[in-house]
Amino acid sequence: MEPKADASGPSGAVASSIRERTIAENCLVVLLQGLQGEVTTVDLRDESTARGRVLNVDAFMNVRLEDVLYRDRRGRSARLQELFVTGRNVRYVHIPDHVDIMKTIQNQLARIHRVRNFGSEGGGRREFAKQTR
């Protein structure tokens, strides 16, 4: 985990590469991606916690938070403007009580499929070419 100074990429964007979209739609990371804009707590492997608003989660569970209250394992707190946590360091992500888990997963999968099929009606480029025989 490390503080990050600049914000790159739009908030709420679907994963950009084909590989990331494929990984995301085949695991529960879509639930975490659906938490964008929500305030939540991320427990880290070193027994510290970070509570803040989720800016972005990629397919590898790397999490960007803003307005973070970081608490280390000894209980010392620090306010951070932004924090980047690598997926390898995430132990647990608290899902807020008001979030409907099934609806969030379905919405995120629909967003991934819209991106994947954006050229399906004659316009644009198709991500996967159809097999023609």
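Q: Why is aspartate 67 called exposed?
A: Aspartate 67 has a relative accessible area of 52%. Exposed means over 50%, buried under 20%, and partly exposed in between, with a 1.4 Å probe and protein chains only. So aspartate 67 counts as exposed.

Q: What kind of model do these values come from, and which residues count?
A: This is a predicted model: local features need pLDDT of at least 70, side-chain atom pairs count only at pLDDT 80 or more, and totals for chains, interfaces and linings use all residues. Residues are numbered from 1 along each chain as its sequence is written, and side-chain values use heavy atoms, with hydrogens and water left out.

Q: Where does aspartate 67 lie, and what is its phi?
A: Aspartate 67 lies in strand E3. Strands are DSSP runs (E, at least two residues), numbered from the N terminus. Phi of aspartate 67 is near 50°, a positive value in a residue other than glycine.

Q: Why does methionine 61 count as partly exposed?
A: Its relative accessibility is 30%. That value falls between the cut-offs for buried and exposed, so methionine 61 is partly exposed. Methionine 61 sits in the loop between E2 and E3. Its phi is positive too, about 65°, although methionine 61 is not a glycine.

Q: How do you know that E2 and E3 pair?
A: Two strands pair if DSSP finds at least two bridges between them. E2 and strand E3 (residues 63-71) are joined by 7 bridges, so they pair. They run antiparallel. One of the bridge partners is arginine 71 in E3, matched with threonine 49.

Q: What makes strands E4 and E5 the edges of the sheet?
A: The open sheet holds 5 strands in the order E4-E3-E2-E1-E5, with antiparallel pairing. Strand E4 (77-85) and strand E5 (90-93) each have a single partner strand, so one side of each lacks a neighbour in the sheet. Neighbouring strands of this sheet are turned by 35° against each other on average, direction ignored.

Q: What makes the lining of the second largest cavity mostly nonpolar?
A: Its residues divide into 7 nonpolar, 1 polar and no charged. Ala, Val, Leu, Ile, Met, Phe, Trp, Tyr, Cys and Pro count as nonpolar, Asp, Glu, Lys and Arg as charged, and the others, Gly among them, as polar. The lining residues are Leu32, Leu35, Thr40, Val42, Val54, Val57, Val63 and Val93. Strand E1 (39-44) and strand E2 (49-57) are the elements that give two or more residues.

Terms used. 1 Å grid on protein atoms, 1.4 Å probe; cavity = no way out; pocket = protein on both sides within 12 Å on 5 of 7 lines; lining within 4 Å. Helix = DSSP H or I, 4+ residues; strand = E, 2+ residues; numbered from the N terminus. Axes fitted to C-alpha atoms, helices over the stretch in contact; angles between N-to-C directions.
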